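Biologist: Before we discuss any contacts or pockets, could you take me through the reasoning behind each label, so that I can see how a value leads to a name?

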Amino acid sequence: LDIRVQFEYPFRLHQVYFDAPACKGERTERYFLTGDYSSSAEFFVTIAVFAFLYSAAATIVYFFFQPKYRENNKGPMIDFVVTVIFAFLWLVSSSAWAKGLSDVKTATDPEEIVDLIQACGEKENSCKALQDPVMSGLNTSVVFGFLNLILWGGNVWFVFKETGWVAPFAKHPAPSEEKIPPGLDPYGQSYNQEPHYEQESYSQQGGYQPDYTQQGDFGQQGGYGQPAPPTSFSNQM
């Protein structure tokens, strides 16, 4: 005997039932699943729908009403507040739905359903699960929920910069230094005009200061430069 149990959104499992034979003649018994997880599922879907609608409206305003959006800086401020609220709601709804999905998996586990059927508790009867529920789509919804949390959380920073509130906290760049012309020190004086380097004569300082320009001229000392011509041989004879 093949027994199928179908459940779907909004996962009010306490309203989901199935019929199983009672192994007493032709009589069947009706069994209900346990748990109501509609609140977390509906809350998650509601946040997703409103976030989509707000994103569509914000996109239209950004492209077609940009001057009105920046008038008196009210648009960025409202956008920032709404973005923060949606980021927080994505955190809450995704966490709640992740917990709700975990409970749904437990309540719809084939082993749990087999335990509900009284006839399966008798030794002469053999009951086993043929197929596990397909949860891939529900798992994907949880992943996308947390991805939206990251997306909206990151968007908070970009919208915050649009408000202009970050300006008082921004560090102003230091004033750039003017280029110093060659030959000038930072105080505007020329290196070539410092008196104690170029105009101070060593001859005025105490001590020995030879004057090499007036030392012995080899052309005038000892007659080396202009020797006297010898007398002629005719006179010496």
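Modeller: Let me begin with the rule for charged pairs: a salt bridge is a side-chain nitrogen of Lys or Arg within 4 Å of a carboxyl oxygen of Asp or Glu. Please keep in mind throughout that this is a predicted model.

Biologist: What makes the contact of Lys99 and Asp103 a salt bridge?

Modeller: The side chains of Lys99 and Asp103 meet at 2.9 Å, N to O, and the cut-off is 4 Å, so the pair is called a salt bridge. Both residues belong to helix α3 (residues 74-107), where they are 4 residues apart, about one turn of the helix.

Biologist: Why is Asp103 called partly exposed?

Modeller: Buried means under 20% and exposed over 50%; Asp103 has a relative accessibility of 24%, and therefore counts as partly exposed.

Biologist: How many salt bridges does the rule give, and what makes the pair of Arg30 and Asp19 one of them?

Modeller: The count comes to 5 salt bridges. In the case of Arg30 and Asp19, the closest N and O atoms are 3.0 Å apart, which is within the 4 Å that the rule asks for, so the name applies. Because Arg30 lies in strand β2 (residues 28-32) and Asp19 in strand β1 (residues 17-21), the pair ties together parts that are 11 residues apart in sequence. Asp19 also has Arg30 as its bridge partner in β2, and the two strands pair in the antiparallel sense over 5 bridges.

Biologist: How do you know that Arg30 and Asp19 are partly exposed?

Modeller: Arg30 has a relative accessible area of 47% and Asp19 one of 37%, and since partly exposed covers what is neither under 20% nor over 50%, both values lead to that label. Along β2 the side chains alternate, with Glu29 and Tyr31 pointing to one face and buried, whereas Thr28, Arg30 and Phe32 point to the other and are not buried.

Biologist: What makes Arg70 and Glu162 a salt bridge, and which helices hold them?

Modeller: Their closest N and O atoms are 2.8 Å apart, so the 4 Å condition is met. Arg70 lies in helix α2 (residues 66-70) and Glu162 in helix α5 (residues 136-163), so the pair ties together parts that are 92 residues apart in sequence.

Biologist: Which element supplies the largest share of the lining of the second largest pocket?

Modeller: That share, 7 residues, comes from α5, and the pocket itself has a volume of about 320 Å³.

Key:
Residues numbered from 1 in each chain as written. Predicted model: local features only at pLDDT ≥ 70, side-chain atom pairs only at ≥ 80, totals over all residues. Heavy atoms only, no water. Buried < 20%, exposed > 50% of the residue type's maximum accessible area, 1.4 Å probe, protein only. Pairing = 2+ DSSP bridges. 1 Å grid on protein atoms, 1.4 Å probe; cavity = no way out; pocket = protein on both sides within 12 Å on 5 of 7 lines; lining within 4 Å. Points joined across faces, edges and corners; volume = space filled by probe spheres on them.
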